[in-house]
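Subject: A structure for you to explore

Hi there,

Here is the structure I promised to pass on. Please open it and keep it beside you while you read my notes below.

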Amino acid sequence: MPDLRADDYDILSFDCYGTLVDWESAIIQYLQPVLLSHDVHVFDGTILEFYSEWEPLEQDAGGTYRDVLSRVMTRYGARLGFTPTGEETEGFITAIASSSPFEDTVDAMTKLSEHFKFAIISNTDEDLIQQTLELIPTEFSTVLTAQELGAYKPDREMMRNAFDQISQRDKRILHVAQSKYHDILPASELGLNTVWINRSSEHASAVQGVEATPVWEFENLADFAAIFD
């Protein structure tokens, strides 16, 4: 593993959901009471495994992320034998947009801000990412969403466009993400160095697993930020 030096990069580009905020907990904490109200009993891991299967399919079908999440909620109902109400579906969207930062996120970002600028590339809508970022007291010089870019990660052209926009201001980008499927693999194929934040190593994940080799790997953002102390 090569040395990781702050002087080698101008900006860190982040995935948000799963890297900065704990959307997996948000998904489980919202859906379990809804499912129980319909007399549906499933493991937490099953909820996340379904999500990892269905979200990419609905993203391929197109539409806003609100549309994607609405159709994912419909799939939960079809698979598990209930009909979600409009209120339950809207609550699902709000729960993900309101995902809390991981315990280490704010302190780690504060430390990292001493060395880098920050950008976000996220598979969501502009209004939803703004709800999420209200919970993270961090300045991002660029925030790019799937809604703005017209496609969802891991679409290579979408990500190329995103990195091109970021590099207009800051040429040397290091991409930091939890999802190998959405981020590490496509960013690596586009020639960027990557940092994998391996937060789901001991439990089921809301993202699909793929083979990808990041340049660096850390269990959390705190360990990553500590490299630069």
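Let's start with Gln178, which counts as buried because its relative accessibility is 6%, below the 20% cut-off for that label. Please keep in mind that this is a predicted model.

Where does Gln178 sit? You will find Gln178 in the loop between β4 (173–177) and α9. Leaving aside residues up to four places away in sequence, Gln178 touches Gly18, Thr19, Trp196, Ile197, Arg199, Ser200, Ser205 and Val207.

Now for the strands. Strand β2 covers residues 117–122, and five of its six residues are buried. Strand β1 (residues 11–14) runs parallel to β2, and four bridges join them. To see one pairing for yourself, look for Ser13, whose bridge partner in β2 is Ala119. Strand β3 (residues 142–145) is also joined to β2 by four bridges, and these two strands run parallel. Here a good pair to pick out is Ile121 with its bridge partner in β3, Leu144. Try following the chain from β2 through helix α6 (residues 126–133) to β3, since together they make a right-handed β-α-β unit. While you are looking at strands, a general point may help: in a regular strand the side chains alternate between the two faces of the sheet.

Next, the nonpolar core. The largest one has 74 residues, and those touching the most other members are Phe14, Ile27, Tyr51, Tyr76, Phe92, Leu112 and Phe224. Helix α1 (residues 23–37) gives the most to this core, contributing seven residues. Tyr76 is a nice one to zoom in on. Not counting residues up to four places away in sequence, the contacts of Tyr76 include Leu31, Ile47, Phe50, Tyr51 and Trp54. Gly81, Phe82 and Phe92 are also among the residues that Tyr76 touches.

Finally, the charged side chains. Side chains of opposite charge can pair when their charged atoms come close. How many salt bridges are there? The count comes to eleven, and here are some to look up.

- Glu58 and Arg71 form a salt bridge, with their closest N and O atoms 2.5 Å apart. Glu58 belongs to helix α2 (residues 44–61) and Arg71 to helix α3 (residues 65–80), so this pair links distant parts of the chain, 13 residues apart. Glu58 is buried, at a relative accessible area of 8%, whereas Arg71 is partly exposed, at 27%.
- Arg66 forms a salt bridge with Glu90, and their closest N and O atoms are 3.1 Å apart. Because Arg66 lies in helix α3 and Glu90 in helix α4 (residues 86–97), the pair ties together parts that are 24 residues apart in sequence. Arg66 is partly exposed, with a relative accessible area of 26%, and Glu90 is partly exposed too, with 38%.
- Arg156 and Glu189 meet through their side chains in a salt bridge of 2.7 Å, N to O. Arg156 lies in helix α8 (residues 156–167) and Glu189 in helix α9 (residues 180–189), so the pair ties together parts that are 33 residues apart in sequence. Arg156 is partly exposed, with a relative accessible area of 29%, while Glu189 counts as exposed because its relative accessibility is 51%, over the 50% cut-off.

Which residues are linked in a network of salt bridges? Look for Asp15, Lys153 and Asp183, which are linked in this way.

Enjoy exploring!

Best wishes

Notes
Residues are numbered from 1 along each chain as its sequence is written. This is a predicted model: local features need pLDDT of at least 70, side-chain atom pairs count only at pLDDT 80 or more; totals for chains, interfaces and linings use all residues. Side-chain values use heavy atoms; hydrogens and water are left out. Buried means under 20% relative accessible area, exposed over 50%, partly exposed in between (1.4 Å probe, protein chains only). Two strands pair if DSSP finds at least two bridges between them. A crossover is right-handed if, with the strands pointing away from the viewer, the path from the first strand over the helix to the second runs clockwise. A nonpolar core is a set of buried Ala, Val, Leu, Ile, Met, Phe, Trp, Tyr and Cys residues joined through side-chain atoms within 4.5 Å. Contact means heavy atoms within 4.5 Å. A salt bridge is a side-chain nitrogen of Lys or Arg within 4 Å of a carboxyl oxygen of Asp or Glu.
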